[in-house]
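Biologist: I would like to learn how to read aromatic pairs and a helix in a model like this one. Could we begin with a single side chain and work outwards?

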Amino acid sequence: MDERRQSRYVKLTKDQVPLEDITPGELNQPIEVPQLAVQKCMECGQPLPESYTPPADEPWMTGIFGCAEDSESCLTGLFCPCVLFGRNVENLHEETPWTGPCVCHAIFVEGGIALATATAIFNGFIDPGTSFLIFEGLFFTWWMCGIYTGQVRQNLQKKYHLQNSPCDPCCVHCCMHWCALCQEHREMKGRLSDSNFSETTIVNAPPIQEMKSADHKEHPETSSANNNESTGLELQVV
């Protein structure tokens, strides 16, 4: 009898630590299954291997020398290429503000050009060895800037599967930097406008349908007279 009267609950001692409280919904979190997150083919729906990369065979919308097709980007790239580069990076990476790339471009590219111009003007007042070191440093800086801006162009090509045109992205920016900036801006501008237009869908309202009773079929004149009386009502605001 004493054993039956004993409580079925177990009392916790001081050595036993109580469990932490579980917040509502903590156990109902989604579970990530790696087998389900598989890249699939857009045409047939079959799973693709992880090492698969889509071929870069999409042509550019405009050529490398088509700067005059967009006068706004052409003037911005000619007089303020740092601003155009910052806008390109911001359009490509939405989480990156345009001010950071703009300042970096202004310091290394525009600043390097200004330093090279000043060195050429005061060539007679500067030691030839010093001038050589300055131009060598500027050449190295220009090459590094070409690699950095070429990486941005390469990311753009990967995003839209664009082909290397006319050559490698780094070489394009090293040899035709201003034309490459304008081409990239026109490409992203055209792609974004096309995507916004494709996402917009126009839905027409369905036609108004009326249910006609049997009385309407037998006495169409009386039903039409009733409809005229009902439509003749006017609503007045109290």
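Modeller: This is a predicted model, and a good place to start is W178, which is partly exposed with a relative accessible area of 31%. Residues count as buried under 20% and as exposed over 50%, so a value in between is called partly exposed.

Biologist: Which residue forms an aromatic pair with W178, and is that pair stacked or edge-to-face?

Modeller: W178 pairs with W142, and the two are stacked, with 6.0 Å centre to centre and 25° between the planes. Because W142 lies in helix α5 and W178 in helix α7, the pair ties together parts that are 36 residues apart in sequence. W142 is also partly exposed, at 25% relative accessibility.

Biologist: How many aromatic pairs does a search of the whole structure find?

Modeller: The search finds two. F85 and Y148 form an edge-to-face pair, with 5.8 Å centre to centre and 65° between the planes. F85 belongs to helix α3 and Y148 to helix α5, so this pair ties together parts that are 63 residues apart in sequence. F85 is buried, at 1% relative accessible area, whereas Y148 is partly exposed, at 43%.

Biologist: What should I notice about helix α5 itself, and what follows it?

Modeller: Helix α5 covers residues 128-160 and reaches 48 Å from its first C-alpha to its last, close to the 48 Å expected. At its start, a side-chain oxygen of D127 comes to within 3.2 Å of the backbone nitrogen of G129. Its buried residues include L138, C145, V152 and L156. After the helix comes H161, whose phi is positive, near 55°.

Methods
Residues numbered from 1 in each chain as written. Predicted model: local features only at pLDDT ≥ 70, side-chain atom pairs only at ≥ 80, totals over all residues. Heavy atoms only, no water. Helix = DSSP H or I, 4+ residues; strand = E, 2+ residues; numbered from the N terminus. Expected span 1.5 Å × (residues − 1). Buried < 20%, exposed > 50% of the residue type's maximum accessible area, 1.4 Å probe, protein only. Polar contact = N/O pair within 3.5 Å; in protein donor to acceptor, adjacent residues only side chain to side chain. Phe/Tyr/Trp six-rings, centres within 6.5 Å; stacked < 30°, edge-to-face > 60°.
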